[in-house]
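Visitor: I have a structure to look at and would like to go through it step by step. Could you guide me?

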Amino acid sequence: MSILEVNGLGKRFGNTEVLKDISFTLDPGHTLAIIGSSGSGKTTLLRCLNFLETPDAGSIVVSGQTLWSAADPATQSEKEVRKKRLHFGLVFQGFNLFPQYTALQNVTLAGQLLAKERPDFKQNKKAIFAELEEQGRALLDQMGLSQRADHYPHQLSGGQQQRVAIARALALKPDILCFDEPTSALDPELTGEVLRVLRELADQDTTMVIVTHEMAFARDVADQVLFMDGGVVVEEGSPEQVFGNPREERTKQFLARYSN
């Protein structure tokens, strides 16, 4: 059974149709790489999946549960939207860490805020926060940042900040981890740090959707590739098929530009 089903998703901004009938499925433990030129709708798609934008058409289904459908577009409370967002973890291209908090505090903050909604929070606050801190330190250790837990973002390199952002997304145990051009703000040396972490996550069967311009990485790590252009899915398939034997002329043109 697919963990994610996107059916006929559409999104407009004014008169501009940014997403047109986007449909795909993703199996548990698989990595989907989304490629395409700037302005093709890739980031808008991620934002719709994470409920940072509201689609105008289609549906989003996670583990058999319909999280959003144009057939039932009832207005939802912010609390309901936050609950749906927990199915996804989003890592932004610009890190988006809170500068006033340490690396560890950035990782544990969302969990602490959610814990306050638990009925047993007041009685068990100390134990709950201690458990969240332990989990946060374990995630930073997984990212190779155990010695940086008490550092503030301005004391970290770009690659380290992005790894903190990945740990923060993992902290809430999302069903699907989403990345929006995770290396675009990094120089080549720091890009390698982050790509190594993504490879490790893929090897651990983490379900991921990655918008990327790193074609070699997409070819090596993804289980399936989706090429978007002009707000539509032009081609979808295995890395071997999309990169090695693309069917569509537009895909061939795009990949030829990256190979030059």
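**Helix H4 and its surroundings**

Guide: Let us begin with helix H4, whose buried residues are Phe-121, Ile-128, Leu-132, Gly-136, Leu-139 and Leu-140. Please keep in mind that this is a predicted model.

Visitor: What covers those buried residues of H4?

Guide: The cover includes helix H3, residues 103-115, and helix H5, residues 158-171.

Visitor: Where does H4 bend, and by how much?

Guide: H4 spans residues 121-142 and bends by about 40 degrees at Ala-127.

Visitor: And what follows H4?

Guide: Gly-144 follows the helix, and its phi is positive, near 75 degrees.

Visitor: Which residues other than glycine have a positive phi?

Guide: Asn-96 is one of them, with a phi of about 60 degrees. Lys-173 is another example, with a phi near 50 degrees.

Visitor: Where are these two found?

Guide: Asn-96 belongs to the loop between E6 and H3. Lys-173 is placed in the loop between H5 and strand E7, the latter being residues 176-180.

Visitor: Is Lys-173 buried or exposed?

Guide: Lys-173 is exposed, because its relative accessible area is 59%, and the cut-off for exposed is over 50%. Asn-96 has a relative accessible area of 42%, so it counts as partly exposed.

Visitor: Let us change topic to empty space. How many cavities of 30 Å³ or more are there?

Guide: The count is one cavity of 30 Å³ or more. The largest cavity holds about 60 Å³ of space.

Visitor: Which residues line the largest cavity?

Guide: Its lining consists of Val-107, Thr-108, Gly-111, Leu-132, Gln-135, Gly-136, Leu-139 and Ala-171. H3 and H4 each supply at least two of the lining residues.

Visitor: Which element gives the most?

Guide: H4 gives the most to this lining, with four residues. Leu-132, Gly-136 and Leu-139 line the cavity, and these three are also among the buried residues of H4.

Visitor: Why might residues a few places apart point the same way?

Guide: An α-helix has 3.6 residues a turn, so residues three or four places apart point the same way.

Visitor: How does the cavity lining divide by class?

Guide: There are four nonpolar residues, four polar residues and no charged residues in the lining of the largest cavity.

Visitor: Now the pockets. What is the volume of the largest pocket?

Guide: The largest pocket has a volume of about 720 Å³. It is lined by 21 residues, and the closest to its centre are Arg-85, Phe-92, Ala-110, Arg-168 and Leu-172.

Visitor: Which elements give two or more residues to that lining?

Guide: They are helix H2 (78-85), strand E6 (88-91), H3 and H5. H3 gives the most, with five residues.

Visitor: And the classes in the pocket lining?

Guide: The lining of the largest pocket has 14 nonpolar, four polar and three charged residues.

Visitor: You keep mentioning H3. Is Asn-106, which is in H3, buried or exposed?

Guide: Asn-106 is buried, because its relative accessibility is 2%, and the cut-off for buried is under 20%.

Visitor: What lies 2.8 Å from a polar atom of its side chain?

Guide: The backbone nitrogen of Phe-98 lies at that distance from a side-chain polar atom of Asn-106. Beyond its neighbours within four places in sequence, Asn-106 is in contact with Leu-97, Phe-98, Tyr-101, Pro-153, Val-164 and Arg-168. Arg-168 has already appeared as one of the residues closest to the centre of the largest pocket.

Visitor: Next, where is Thr-212 found?

Guide: Thr-212 is in the loop between strand E8 (208-211) and helix H7 (215-221). With a relative accessibility of 3%, Thr-212 counts as buried.

Visitor: What does the side chain of Thr-212 reach?

Guide: It reaches the backbone nitrogen of Glu-214 at 2.9 Å. Apart from its neighbours within four places in sequence, Thr-212 is in contact with Ala-33, Ile-34, Ile-35, Glu-181 and Ala-218.

Visitor: One last residue: where is Val-18?

Guide: Val-18 is in strand E2, residues 16-26, and it is buried, with a relative accessible area of 17%. Val-18 and Ser-40 are 22 residues apart in sequence and 7.7 Å apart in space, C-alpha to C-alpha. Leaving out neighbours within four places in sequence, the contacts of Val-18 include Ser-40, Gly-41, Thr-44 and Gly-231.

Conventions
Residues are numbered from 1 along each chain as its sequence is written. This is a predicted model: local features need pLDDT of at least 70, side-chain atom pairs count only at pLDDT 80 or more; totals for chains, interfaces and linings use all residues. Side-chain values use heavy atoms; hydrogens and water are left out. The bend at a residue is the angle between axes fitted to the seven residues ending there and the seven starting there. Buried means under 20% relative accessible area, exposed over 50%, partly exposed in between (1.4 Å probe, protein chains only). Contact means heavy atoms within 4.5 Å. A polar contact is a pair of N or O atoms within 3.5 Å; within protein, one must be able to donate a hydrogen and the other to accept it, and residues adjacent in sequence count only if both atoms are side-chain atoms. On a 1 Å grid over the protein atoms alone, a cavity is a set of points where a 1.4 Å probe fits but cannot get out, and a pocket is an open set with protein on both sides within 12 Å along at least five of seven lines; lining residues have an atom within 4 Å of a point. Grid points are joined across faces, edges and corners, and a volume is the space filled by probe spheres set on the points. Ala, Val, Leu, Ile, Met, Phe, Trp, Tyr, Cys and Pro count as nonpolar, Asp, Glu, Lys and Arg as charged, and the others, Gly among them, as polar.
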